[in-house]
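Me: I have some questions about how the labels on this model are earned. Please set each value against its rule.

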Amino acid sequence: MSLSNQEYQGIVLFGPPGAGKGEQGKRLGEKDGYFHFSTGDMFRNLDPTSATGATVKQLIDAGSFVSDELTLQLFEETLARYVAEGIFNPSTQVLVLDGIPRTAEQVAPVSALVAIQKVICLTVPDEALKQRLLLRGKKFGRADDQDLVTIGKRLQTYVELQNLVLNEFNPSLVINLDGDKTIEEVHNALVSEVRSVVLE
Ligand code: ADP
């Protein structure tokens, strides 16, 4: 594929809900040269009284996915807005994608926009994930983190889609990282994996 139409350089943080994509993305995004983009935050920041915001909230709270079409449209629009507003500078910052691509169908459209240099797959045992999500539910009140039924549904969706998504990438780009460590330890391991990703 020609890289000429790709506007951004990026790395993908991949892994189940609760694996630490948000926390690690945020930390990496605090470093020079990286910009963290979370689709979960993008959706949660929509005005819940707007038609789109209300639809999205309903889906997320139930542990379902937002449609690929809407996800991709908002992703592209939000990125363009961040560039226009000077929040994200593609000539000096690598995009740290958290939450996208999440389905096999999202990989090609995202790759058309972002030259994906690495896919970091955070692995954490299921039991630890459930505990982390329940704790996050208590702490931040996220509706999708409140009960084991919704959590189980999201983890199951991940298991079903994981390989389908990863198979869309060149296997040499995919790196597994043990996410069952302290935030600091995972951060350090992540930094050494992405250090080699430089802007072209
Ligand atoms: P987590 O991965 O911990 O469940 P996120 O904050 O990343 O939390 O995402 C929350 C919800 O937002 C998901 O459960 C899903 O409903 C929706 N979502 C996020 N990214 C996507 C995506 N790429 N495609 C479809 N839905 C998404």
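Me: What makes Arg 154 a polar contact of the ligand?
Reply: The model is predicted. In it, a polar side-chain atom of Arg 154 lies 2.7 Å from an oxygen atom of the ligand. The cut-off for a pair of N or O atoms is 3.5 Å, so the pair counts as a polar contact.

Me: How much of the ligand does the protein bury?
Reply: Taken alone, the ligand exposes 550 Å². The protein buries 97% of that.

Me: Which atoms of Thr 39 and Gly 99 face a nitrogen atom of the ligand at 2.8 Å?
Reply: For Thr 39 it is an N or O atom in the side chain, 2.8 Å from a nitrogen atom of the ligand. For Gly 99 it is a backbone N or O atom, also at 2.8 Å from a ligand nitrogen. The limit is 3.5 Å, so both pairs pass as polar contacts.

Me: Which residues are closest to the ligand, and how many surround it?
Reply: The closest are Thr 39, Ser 64, Gly 99, Arg 102 and Arg 154. In total, 19 residues surround the ligand. By class, that shell has six nonpolar, seven polar and six charged residues.

Me: Which helix gives the most to the shell?
Reply: Helix H2, residues 39–44, gives the most, with four residues.

Me: Where does the ligand sit?
Reply: The ligand sits in the largest pocket. To earn that wording, more than half of its atoms must lie within 2 Å of the pocket's grid points.

Me: What makes the bond from Ile 100 to Pro 101 stand out?
Reply: That peptide bond is cis, with omega near -5°. Most peptide bonds are trans. Pro 101 is placed in the loop between strand S3 (94–98) and helix H5 (104–113).

Me: How many helices and strands are there, and in what order do they run?
Reply: The protein has eight helices and five strands. From the N terminus on, they run β-α-β-α-α-α-β-α-β-α-α-β-α.

Me: Why does the radius of gyration agree with a compact globule?
Reply: With 200 residues, a compact globule would have a radius near 16 Å. The protein has 16 Å, so the two agree. Along its principal axes, the C-alpha trace spans about 45 × 40 × 30 Å.

Technical notes. Residues are numbered from 1 along each chain as its sequence is written. This is a predicted model: local features need pLDDT of at least 70, side-chain atom pairs count only at pLDDT 80 or more; totals for chains, interfaces and linings use all residues. Side-chain values use heavy atoms; hydrogens and water are left out. A residue is near a molecule or strand if one of its heavy atoms lies within 4 Å of it. A polar contact is a pair of N or O atoms within 3.5 Å; within protein, one must be able to donate a hydrogen and the other to accept it, and residues adjacent in sequence count only if both atoms are side-chain atoms. Accessible areas come from the Shrake-Rupley method with a 1.4 Å probe; for residues, only the protein chains shown count as cover. On a 1 Å grid over the protein atoms alone, a cavity is a set of points where a 1.4 Å probe fits but cannot get out, and a pocket is an open set with protein on both sides within 12 Å along at least five of seven lines; lining residues have an atom within 4 Å of a point. Helices (H or I, at least four residues) and strands (E, at least two) are DSSP runs, numbered from the N terminus. Ala, Val, Leu, Ile, Met, Phe, Trp, Tyr, Cys and Pro count as nonpolar, Asp, Glu, Lys and Arg as charged, and the others, Gly among them, as polar. The radius of gyration is taken over C-alpha atoms; the globule rule is 2.2 Å times the number of residues to the power 0.38.
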